[in-house]
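Here's a quick tour of one model, with salt bridges, a helix pair and a sheet on the itinerary. Have the coordinates open as you read.

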Amino acid sequence: MFIIPTAQASHLGERLKRNRGISVIVPDFNRDGKRYFPDGEVYAKIPQASSLKKARVIVLHTGQPNPNEGLVELELILQILRDSKASPIEVFFSYFPYGMQDGVFEIGETNVAENLIEKLVHYYKVKKIYLVDPHFKGRSWTKKYPLSYLSSLPLLLQAARTDYGNDLLLLSPDKGGKRRTGIAGATKKRKNSYEVEMESPKELQRAMKGRTVAVVDDLLKTGGTLMKTYEECARYGAKKVLALIAHGVLRSGISRTKQKYAKLYLTNTIKRKDANVDISSLIAGAVR
């Protein structure tokens, strides 16, 4: 078994190689010692490609901070592996790009998340796709594909309980979170990309008083949802409010959240300096 990390997942590849004893193949650079040509086009090379025939290879990728360039590199690596007749080929997404575009919500749109997965499975012959807390978990269309879901919540909870004890009230900020995790939460109405309106059920309002509330969510982008959720918790008497987040997509949202919440627990599915929960054990356990 070999793992090939893309450039954006190199931080995870290093941890797997150093701490988990897994064979990691790092893509090579071009003649200029870079991953890009002077015109900005992406370069990919796997020097060991000829020795990977009939070998199990897992491409490790995260969809941020450059989702479009990252997808180009992913496709280039998969094509190299396909040409080399590696088998089986698998893909591990620590963070899946375009995961919020997981349906056709208005006329003229497309389901980008499904389109990407369909291409991986049917064109690149990917046998299995691992996904850490994808936004589209639970969507009906996902049943058609060889998807393996992984949750970072146990790791986040372990870190939070070490600091604040076991008596945490878990809260999802919206119905989507409840669909993905099974954790009850508020009703969210999004006004635009930055503003949302929240409303919590009466029983949840009563449960917050005097408690340490841990808000569990998959994505941290602008931080608008978490800001409103914090206001709801404070309004109903929460003692402390923590944020347990799988994917830190935007630095601006991370900064807003850290200023407001008692503590932000953030995994390193995306390379961020504020990440304080490592998922390399989750990756290693899944692929083994």
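## Ground rules

Partly exposed is the label for a residue that falls between buried, under 20% relative accessible area, and exposed, over 50%. By that yardstick K258 is partly exposed, because its relative accessible area is 45%. One thing to keep in mind throughout: this is a predicted model.

## Salt bridges around K258

Side chains of opposite charge can pair when their charged atoms come close. The structure has 12 salt bridges, and K258 is a good place to start. Its partner is D274, with the closest N and O atoms 2.8 Å apart. K258 sits in helix 8 (residues 251–260), while D274 is in the loop between strand 11 and helix 9, so the bridge ties together parts that are 16 residues apart in sequence.

The two partners fall into separate accessibility classes: K258 is partly exposed at 45%, whereas D274 is buried at 17%. There's a third member here too, as K258, K273 and D274 are linked in a network of salt bridges.

## Two more bridges

Now for R15 and D278, whose side chains meet in a salt bridge at 3.5 Å, N to O. This pair links distant parts of the chain, 263 residues apart: R15 belongs to helix 1 (residues 10–19), and D278 to the loop between strand 11 (263–266) and helix 9 (280–287). Both ends count as partly exposed, R15 with a relative accessible area of 29% and D278 with 23%.

K144 and E114 make another salt bridge, this one at 2.8 Å, N to O. Here 30 residues separate the partners, with K144 in the loop between strand 4 (126–132) and strand 5 (147–150) and E114 in helix 3 (residues 112–122). Which of the two is buried and which is exposed? K144 is exposed, because its relative accessible area is 58%; E114, at 13%, counts as buried.

## Helix 1 against helix 9

R15 turns up again where helix 1 packs on helix 9. Two packed helices are described by the angle between their axes and the distance between the axes. For helix 1 and helix 9 the angle is about 70°, and the axes are 10 Å apart, which means that helix 1 is roughly perpendicular to helix 9.

On the helix 1 side, the residues in contact are L12, R15 and L16; they meet S280, I283 and A284 of helix 9. Sorted by class, that contact holds four nonpolar residues, one polar and one charged.

## The five-stranded sheet

Five strands make an open sheet with parallel pairing, in the order 1-2-3-4-5. Strand 1 (2–5) and strand 5 are the edges, each pairing on one side only. Ignoring direction, neighbouring strands in this sheet are turned by 20° against each other on average.

Zoom in on strand 2 (residues 57–62) and strand 3 (residues 89–95): they run parallel and are joined by six bridges. One residue to click on is T62, whose bridge partner in strand 3 is Y95.

## K85, just off the sheet's third strand

K85 is found in the loop between helix 2 (67–83) and strand 3. Is K85 buried or exposed? With a relative accessible area of 53%, K85 is exposed, because the label applies over 50%.

Setting aside residues up to four places away in sequence, K85 touches L52, K53 and K54. As for S50, it is 35 residues from K85 in sequence and 8.8 Å away in space, C-alpha to C-alpha.

Terms used. Residues are numbered from 1 along each chain as its sequence is written. This is a predicted model: local features need pLDDT of at least 70, side-chain atom pairs count only at pLDDT 80 or more; totals for chains, interfaces and linings use all residues. Side-chain values use heavy atoms; hydrogens and water are left out. A salt bridge is a side-chain nitrogen of Lys or Arg within 4 Å of a carboxyl oxygen of Asp or Glu. Helices (H or I, at least four residues) and strands (E, at least two) are DSSP runs, numbered from the N terminus. Buried means under 20% relative accessible area, exposed over 50%, partly exposed in between (1.4 Å probe, protein chains only). Axes are lines fitted to C-alpha atoms, for helices over the stretch in contact, and angles run from 0 to 180 degrees between N-to-C directions. Angles under 35 degrees count as roughly parallel, over 145 as roughly antiparallel, 65 to 115 as roughly perpendicular and the rest as oblique. Contact means heavy atoms within 4.5 Å. Ala, Val, Leu, Ile, Met, Phe, Trp, Tyr, Cys and Pro count as nonpolar, Asp, Glu, Lys and Arg as charged, and the others, Gly among them, as polar. Two strands pair if DSSP finds at least two bridges between them.
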